[in-house]
Amino acid sequence: MFNLNFTICLIKNLKLDQKPIIFSLTNHIELIILSSKYQETYIQQKLEHQEIEYGISNWGNLLGRLTEQAVATLRLSNIFGKPSFRYYSQISFIKQILDSNLNLTAVNDRYESLLKRKDGKELIDTICEFIKCNMSVNQTAHNLFVHRNTLNNRLLRIKKLFELDPKNTEDLFQLFIGYISFYYRQTL
């Protein structure tokens, strides 16, 4: 028995001239099995200037695991809003955290209840932007087009709702992982 290594590329809405092995997962998502670095390079060149969502697994020979990696990459890139997250190696740490046995039920429940509130999306966006801005109140307020005092009031509401202080690194980490976990379960 010989051992072949593959990489999986999960792509939405791609039309290729050169066809590797392709399976349709849904109407808009194709699973592409690449068996050479040449094919991977070719696809990267085709995708470079297109607005197409895709996730690429590591190389290996277990197609099921590689498919899971490609799907996870696509899902997490959507959650982070970072189309630059294309490779499983870029998100593998976060995926390992999501696969661990962390008890995020309380945080996830609070995110669920936030979505039902009138100001819920605003508060979730505030958490996300605060994380993206590395806890900088000035930069977050600037990016959200709000005054510092407005941002501080939102952060206080978040602290009360979650019983976690976004200005505390450990608490913010729980908010961040909870956010990812909550949306990861709902994507794709």
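Okay, let's start at one residue and work outward. Asp171 is buried, at 18% relative accessibility. Asp171 belongs to helix H8. Its C-alpha atom sits 9.3 Å from that of Lys159, and those two residues are twelve apart along the chain. Before I go on, keep in mind that this is a predicted model.

So, the overall layout. The chain has eight helices and four strands. If you walk along the sequence, the order is β-β-β-α-β-α-α-α-α-α-α-α. There are 188 residues in the chain, and buried ones make up 47% of them.

Next up, the pocket, since I expect that's what you'll want to click on. The largest pocket comes out at about 260 Å³. Which helices give two or more residues to the lining? Those are H2 (63-80), H3 (88-99), H5 (120-132) and H8 (169-184). H5 has the largest share of the lining, with three residues. If you want to select the lining in your viewer, take Ile79, Phe80, Gly81, Lys82, Phe85, Gln90, Ile94, Cys128, Ile131, Lys132, Phe176 and Tyr179. How does that lining split by residue type? You get eight nonpolar residues, two polar and two charged.

Let me stay with a few of those lining residues. Phe80 and Phe176 both line the largest pocket, and they also bring us to the aromatics. The model has six aromatic pairs in total. In the Phe80 and Phe176 pair, the ring centres are 5.9 Å apart and the planes meet at 35°, so this one counts as tilted. Phe80 is in helix H2 and Phe176 is in helix H8, so the pair ties together parts that are 96 residues apart in sequence. Phe80 is also buried, with a relative accessible area of 15%.

Compare that with Phe182 and Tyr183, an aromatic pair that is edge-to-face, with 5.0 Å centre to centre and 85° between the planes. Are those two buried or exposed? Phe182 counts as buried at 0% relative accessibility, and Tyr183 counts as buried too, at 19%. The cut-off for buried is under 20%, so Tyr183 at 19% falls on the buried side. Phe182 and Tyr183 are also part of one aromatic cluster, together with Tyr111, Phe162 and Tyr179. And Tyr179 is a name you've heard already, because it is on the pocket lining list.

One more ring before I leave the aromatics. Arg75 lies over the face of Tyr184, at 3.7 Å from the ring centre.

Back to the pocket for its cysteine. Cys128 is one of the lining residues, and Cys128 is buried, with a relative accessible area of 13%. Cys133 is buried as well, at 10%. How many disulfides does the model have? The count is zero. For the record, a disulfide is a covalent bond between the sulfur atoms of two cysteines.

Helix H3 gave residues to the pocket lining as well, so here's another residue from that helix. Ser92 is in H3, and Ser92 is buried, with a relative accessible area of 18%. From Ser92 to Ala72 the C-alpha distance is 8.7 Å, with their positions 20 residues apart in sequence.

Last topic, backbone angles. Most residues other than glycine have a negative phi. Two residues here go the other way. Met135 has a positive phi, near 65°, and Met135 sits in the loop between H5 and helix H6 (137-144). Phe145 is the other one I picked, with a positive phi of about 60°. Where is Phe145? It lies in the loop between H6 and helix H7 (148-162).

And how do those two loop residues sit with respect to solvent accessibility? Met135 is partly exposed, with a relative accessible area of 28%. Phe145 is exposed, at 76%.

To wrap up, three things to look at on screen: the largest pocket, at about 260 Å³; the aromatic cluster of Tyr111, Phe162, Tyr179, Phe182 and Tyr183; and the positive phi values at Met135 and Phe145. That's it from me.

Note on methods
Residues are numbered from 1 along each chain as its sequence is written. This is a predicted model: local features need pLDDT of at least 70, side-chain atom pairs count only at pLDDT 80 or more; totals for chains, interfaces and linings use all residues. Side-chain values use heavy atoms; hydrogens and water are left out. On a 1 Å grid over the protein atoms alone, a cavity is a set of points where a 1.4 Å probe fits but cannot get out, and a pocket is an open set with protein on both sides within 12 Å along at least five of seven lines; lining residues have an atom within 4 Å of a point. Grid points are joined across faces, edges and corners, and a volume is the space filled by probe spheres set on the points. Ala, Val, Leu, Ile, Met, Phe, Trp, Tyr, Cys and Pro count as nonpolar, Asp, Glu, Lys and Arg as charged, and the others, Gly among them, as polar. A disulfide is a pair of cysteine sulfur atoms within 2.5 Å. Buried means under 20% relative accessible area, exposed over 50%, partly exposed in between (1.4 Å probe, protein chains only). Rings of Phe, Tyr and Trp (its six-membered ring) pair if their centres lie within 6.5 Å; planes under 30 degrees apart count as stacked, over 60 as edge-to-face and the rest as tilted. A charge sits over a ring if NZ of Lys or CZ of Arg is within 6 Å of the ring centre and within 35 degrees of the ring normal.
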